[in-house]
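Student: I should like to examine how the parts of this structure meet, and on what grounds each term is applied. May we take the terms one at a time?

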Amino acid sequence: MPVITSQSPRTTPKPLAVVRNRAGAFLASYDGQVRIFLLPFLLGTALLIVAPAVLTVGLAFTQYNSISPPTWVGLDNFKNLLASPLARLSIRNSLLFLFMAVPLRLVGAVGIALLLQRPGRIYGPLRAGVYLPTIIPEGAYALIWLWILNPLYGPLNALLGGLGLPTPDWLIQPDTAQFSFVLMSLFTIGEGIIVALVGLRTIPGALYEAARVDGAGRWQSFWRITLPVLAPWLLLLTFRDLVVVLQNTFTPSFVMTYGGPYYATTFAPLLLFELAFDMFDFGGAAAFMVILYALTALLVVGIVNLVGLNQDADVA
Amino acid sequence: MWRKLGSAARIAAGIAVAVLFVLPLLWMIVGSLRPTGLPPARTVEWWPSDPQLGNYIAIFDLLPMGVYLRNSLIVVAVAVPATLLTASLAGFGLSQLREPWRQRLLIYTVVLLMVPAPAVWLFRYQILSWLGLLSSLWALILPAFAAGSPLLVLLFYWTFRRTPVSYFEAARVEGADAWTSWRRIAMPMARPTTAAVIVLAFALFWNDFTNPVLYLYRPDTYTLPVGIQILKQVDSTNWPLLLAGATLVTLPMVLLFLALQRQFLHDDALSELLDRG
């Protein structure tokens, strides 16, 4: 490594190594420095992610308005929430949304990755094209869809009407409003496409060659080779999507419908926001969050059982 | 013959899908260029018949968009470099750590990825209020010093794990410290990852709508995504105006993405992601 040799005379006489105390020796040692590199990330996530997420669980058993000190109320918050029709409805909406959006997003990501996986000049720009909606700022994305889905002037209904197809009222009717949210979520699958593309590249070409020699058709090699190799990646993607796709409903439901019509788009994050920052019922909001944690955990366990996964997906 | 036809069909299908995905963006831009005061078109406009920039001037007259734009720029100017630094250092640290801590912290990072954002809303509000940072741009910038998102740390980690260990070993034998290894060996070999992380970090901070809504209440601290929502409250049916606002927020992000995407979306970069040295 000639690069390093020319480098070393400048870096070897480290002033810190001269210092005899242990802190100095730690800072000068390679392993010590490596740990210091991790410090901002570990401290930062402990303060900004771990502590808030864990403390929320404690808050769930208190009454707290973020001003006067919390008082212990036991399970009251949970009882109130489970008795509240709105909380139950928002959980129902969220689950329905997840059951529609997550599988469709997964199929879309894999399908598009299969279509665009080939090497070649044309495919680079096409990959960039399908990734574009994913990087549109969510506030702008919600506005764009509010325009696209506008039943009178929006381009979607103009297009459908022009083709002689039915023109639904989209965000005005409860069931089409929920479907609109699913539709919107199907365009922001760039992350999934990339993961699937990378996963597809891990499959050695020789495997397909061998399958062809054995007389396997395209369809068969997809089921026997492609899908099994992709499986751990897809599983990881599914788990991540379960978390991300629901939290991503916040901005559109906040901007486009504010939960309407008739609470059809009141998904869990919006209700959480209302509980905490409209009513300042931090205790109730925390309890609702805990219920959501539990439901997500149940879904993950359910999927793991369904797939019959014995060993953890290897992400290392 | 059939193979050629098949690949032509594949390209056609690929183009059709890409066009479908670009359509929302196209409709946004076309809609924003419509002359102010003109009634909405009754058929689909694929291209503006009389493109005008009036709406872009109008949004700056109607609201202090300049202030929002400045705030957004300050946030990304601080947060994106900070994220790049902390995420790459953490990813490098993780890749150089000895077992069993490497595995333990890796699991920690993957678990962080699964924490839903709303889970931290309540207490982050509380922590920011204790630190006196509510309704300051620091409320938005702070996560940058924790690498922005665990995903970015993992991206760097996966890249550095594929850098042959012997490179780092050799540097160590030569007496290079970890800082030098990171700067001289690790980072220069991680160009596609760096490009991807810049795009993702910019998206994280520039596009952020939720955090400003939660933690900012003084109008002089609002960022662009909040600004275009105020626009909607001011003039909720003036679509060309609203789409001009949406375009204003979207364009910098799209341009940055288009400038850097070749680095990580073209064929070699995708294979490079997998070359285990």
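Student: Which domains does the domain assignment of chain B give?

Tutor: The model is a predicted one. For chain B, the assignment gives domain 1 (1-52) and domain 2 (60-272). Their centres, taken over C-alpha atoms, are separated by 30 Å.

Student: How do you know that domain 1 of chain B and domain 2 of chain B are in contact?

Tutor: Contact requires heavy atoms within 4.5 Å. Seven residues of domain 1 of chain B meet that condition with seven residues of domain 2 of chain B, and therefore the two domains are said to be in contact.

Student: What area do domain 1 of chain B and domain 2 of chain B bury between them, and which three residues of domain 1 supply more of it than any other three?

Tutor: The two domains bury about 610 Å², with 79% of it on carbon and sulfur atoms. On the side of domain 1 of chain B, 61% of the area buried against domain 2 comes from B:Leu25, B:Met28 and B:Ser32. By class, that side has four nonpolar, two polar and one charged residues.

Student: How many salt bridges are counted between domain 1 of chain B and domain 2 of chain B?

Tutor: The count is zero salt bridges. Residue pairs in polar contact, both at pLDDT 80 or more, also number zero between these domains.

Student: Turning to the two chains, why is the pair A:Asp31 and B:Arg98 called a salt bridge?

Tutor: The term requires a side-chain nitrogen of Lys or Arg within 4 Å of a carboxyl oxygen of Asp or Glu. The closest N and O atoms of A:Asp31 and B:Arg98 are 2.8 Å apart, so the pair qualifies. Between chain B and chain A the count is two salt bridges, together with 15 residue pairs in polar contact, both at pLDDT 80 or more.

Student: Which helix gives the largest share of the side of chain B that touches chain A?

Tutor: Helix α1 (residues 2-32) of chain B gives that share, with 14 residues. The residues on this side of chain B comprise 75 nonpolar, 17 polar and 10 charged.

Student: How many residues does the contact take from each chain, and what area is buried?

Tutor: The contact takes 102 residues from chain B and 100 residues from chain A. The chains bury about 9,500 Å² between them, and 76% of that lies on carbon and sulfur atoms. B:Arg10, B:Phe21 and B:Leu122 supply 9% of the area that chain B buries against chain A, more than any other three residues.

Definitions and conventions. Residues are numbered from 1 along each chain as its sequence is written. Chains are lettered from A and ligands numbered from 1 in the order in which they are written. This is a predicted model: local features need pLDDT of at least 70, side-chain atom pairs count only at pLDDT 80 or more; totals for chains, interfaces and linings use all residues. Side-chain values use heavy atoms; hydrogens and water are left out. Buried area is the accessible area (1.4 Å probe) that two parts lose on being put together, summed over both. A polar contact is a pair of N or O atoms within 3.5 Å; within protein, one must be able to donate a hydrogen and the other to accept it, and residues adjacent in sequence count only if both atoms are side-chain atoms. Helices (H or I, at least four residues) and strands (E, at least two) are DSSP runs, numbered from the N terminus. Ala, Val, Leu, Ile, Met, Phe, Trp, Tyr, Cys and Pro count as nonpolar, Asp, Glu, Lys and Arg as charged, and the others, Gly among them, as polar. Domain bounds come from an automatic or database domain assignment.
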